[in-house]
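Biologist: I'm new to this structure and would love a close look at one part of it. Could you pick a spot in the interior and lead me outward from there, one neighbour after another?

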Amino acid sequence: MLARDCWLQFFNRKGINMRYTPVTKKSLFSAAVCALLAAAPAKATIYDEAVSGDLSNDPAAPTALTLTPGLNSVIGTVAGFPQFGGTDPQDWVSFTIPTGFVMVSYVNARYNSADDQGFTGFQFGSSFSGDPFMAISYAGYAHFGFAATNPDKNPVAASTVGLNLLPLMADPSFAPGTTGFTPPLAAGTYTFLIQQGDPVTTGYQFNMTVRSVSVPEPGSSLCLLGMGGLAILALRRRLGYLDRRIR
């Protein structure tokens with residue numbers, strides 16, 4: 001039973017015609033900036049409870065969200081089970097990953113609470129069935145927070161803030177008793193639970209990164225290709241100058 005909760009190629013300057021050097025440096029710098037911009041995924045807050053209201057409390061009817069390429073953020077709060085004096089123990093949300101894309105990360109980007117940990121887990125499908133307090137109901141799960149204990153029966157408290165939880169949730173020694181899965185998450189719909197059992201307000205942010213199955217880093221290929229072209233151009237200019245000097 002679960003617990004509560006640019007590459008850059010630098011050329012040897014010797015023998016370079018300095019008349020060409022400023023152009024080459026400028027071109028390579030532009031390409032480097034392009035690569036850095038390409039490596040940074042597009043960002044979008046797809047749901048913020050402070051703006052859009054409380055996420056669903058019903059596992060059979062979670063808040064349905066479709067992820068977009070790049071970084072997707074969900075921000076909210078949970079505040080404990082009523083029998084313990086709380087008011088809002090669970091947020092249920094289903095994430096749909098479009099065809100041709102995969103979700104490569106589920107990062108606990110922020111955690112703000114008087115309690116040291118919360119709980120999150122997911123199941124395949126657009127709604128959650130089974131007992132949410134039993135490990136077998138989940139494909140993967142994890143406690144998250146500034147001093148989270150994973151797994152429950154082998155306590156080693158550690159912060160999960162900034163960590164991608166997907167590989168941990170997929171590890172049977174980290175999340176024992178689950179049905180299991182293999183990251184990244186393929187196209188489809190998955191229902192996630194975010195939970196705080198104790199009667200304390202717990203603020204959280206989870207970031208999901210989505211990328212194309214055919215392009216490891218969205219947009220980076222064109223920039224890298226451009227960088228390669230600029231590097232070749234710079235080399236040709238240098239060789240052309242040396243050729244003219246030799247003749």
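Modeller: Gln 195 is buried because its relative accessible area is 2%, under the 20% limit. Please keep in mind that this is a predicted model. Gln 195 belongs to strand 10, and its side chain has a polar partner: the side chain of Gln 90, with 2.7 Å between them in this polar contact.

Now let's look at the sheet around that spot. Strand 10 is one of five strands in an open sheet, whose order is 2-4-10-6-7 and whose pairing is mixed. Strand 2 (63-66) and strand 7 are the edges of this sheet, each pairing on one side only. From one strand to the next, the twist averages 20°. As background, the strands of a sheet pair through backbone hydrogen bonds, and they can do so in a parallel or an antiparallel way.

Let's follow the order to its end, from strand 10 to strand 6 and on to strand 7. Strand 6 and strand 7 run antiparallel and are joined by five bridges. You can find two of the matches by eye: Gly 118 has Phe 144 of strand 7 as its bridge partner, while Thr 120 stands opposite Ala 142 in strand 7.

How covered is strand 7? Mostly: five of its five residues are buried. In a regular strand, side chains alternate between the two faces of the sheet. Here, Gly 140, Ala 142 and Phe 144 point one way from strand 7, Tyr 141 and His 143 point the other way, and all are buried.

The loops beside these strands hold buried residues too. In the loop between strand 6 and strand 7 sits Ala 135, which is buried because its relative accessible area of 13% is under 20%. The C-alpha atoms of Ala 135 and Ala 175 are 8.1 Å apart, although 40 residues separate the two along the chain. On the other side of strand 6, the loop between strand 5 (101-112) and strand 6 contains Asp 115. Asp 115 is buried, with a relative accessible area of 8%, and its side chain reaches the backbone nitrogen of Gln 117 at 2.9 Å.

Next, the rings. A pair of aromatic rings is described by how far apart the centres are and by the angle of the planes. There are 19 aromatic pairs in the structure. In one of them, Phe 119 and Tyr 138 meet edge-to-face, with 5.4 Å centre to centre and 75° between the planes. This pair links distant parts of the chain, since Phe 119 is in strand 6 (residues 118-124) and Tyr 138 is in the loop between strand 6 and strand 7 (140-144), 19 residues apart. Phe 119 and Tyr 138 are both buried.

A second pair brings us back to strand 10. Phe 122 and Tyr 190 are also edge-to-face, at 6.0 Å centre to centre and with 75° between the planes. This one links distant parts of the chain as well: Phe 122 lies in strand 6 and Tyr 190 in strand 10 (residues 188-195), 68 residues apart. Both of these rings are buried. They also belong to one aromatic cluster, whose members include Phe 95, Phe 144, Phe 192 and Phe 206.

Phe 192 takes us further inside. The largest nonpolar core has 37 residues, and Met 103, Tyr 106, Leu 185 and Phe 192 have the most contacts inside it. Several elements each supply at least two residues of this core, among them strand 4 (90-97), strand 6, strand 7, helix 3 (166-169) and strand 10. Leaving out residues up to four places away in sequence, Met 103 touches a list of residues that includes Ile 97, Leu 166, Leu 185, Phe 192 and Met 208. In soluble globular proteins, nonpolar side chains tend to be buried together.

Strand 5 and strand 11 (202-212) also each supply at least two residues of that core, and they lead to a further sheet. It is an open sheet of four strands in the order 1-3-11-5, with mixed pairing. Its edges are strand 1 (43-48) and strand 5, each pairing on one side only. Strand 1 pairs with strand 3 in the parallel sense over five bridges, and Lys 43 stands opposite Leu 71 in strand 3.

Note on methods:
Residues are numbered from 1 along each chain as its sequence is written. This is a predicted model: local features need pLDDT of at least 70, side-chain atom pairs count only at pLDDT 80 or more; totals for chains, interfaces and linings use all residues. Side-chain values use heavy atoms; hydrogens and water are left out. Rings of Phe, Tyr and Trp (its six-membered ring) pair if their centres lie within 6.5 Å; planes under 30 degrees apart count as stacked, over 60 as edge-to-face and the rest as tilted. Buried means under 20% relative accessible area, exposed over 50%, partly exposed in between (1.4 Å probe, protein chains only). Two strands pair if DSSP finds at least two bridges between them. A polar contact is a pair of N or O atoms within 3.5 Å; within protein, one must be able to donate a hydrogen and the other to accept it, and residues adjacent in sequence count only if both atoms are side-chain atoms. Axes are lines fitted to C-alpha atoms, for helices over the stretch in contact, and angles run from 0 to 180 degrees between N-to-C directions. A nonpolar core is a set of buried Ala, Val, Leu, Ile, Met, Phe, Trp, Tyr and Cys residues joined through side-chain atoms within 4.5 Å. Contact means heavy atoms within 4.5 Å.
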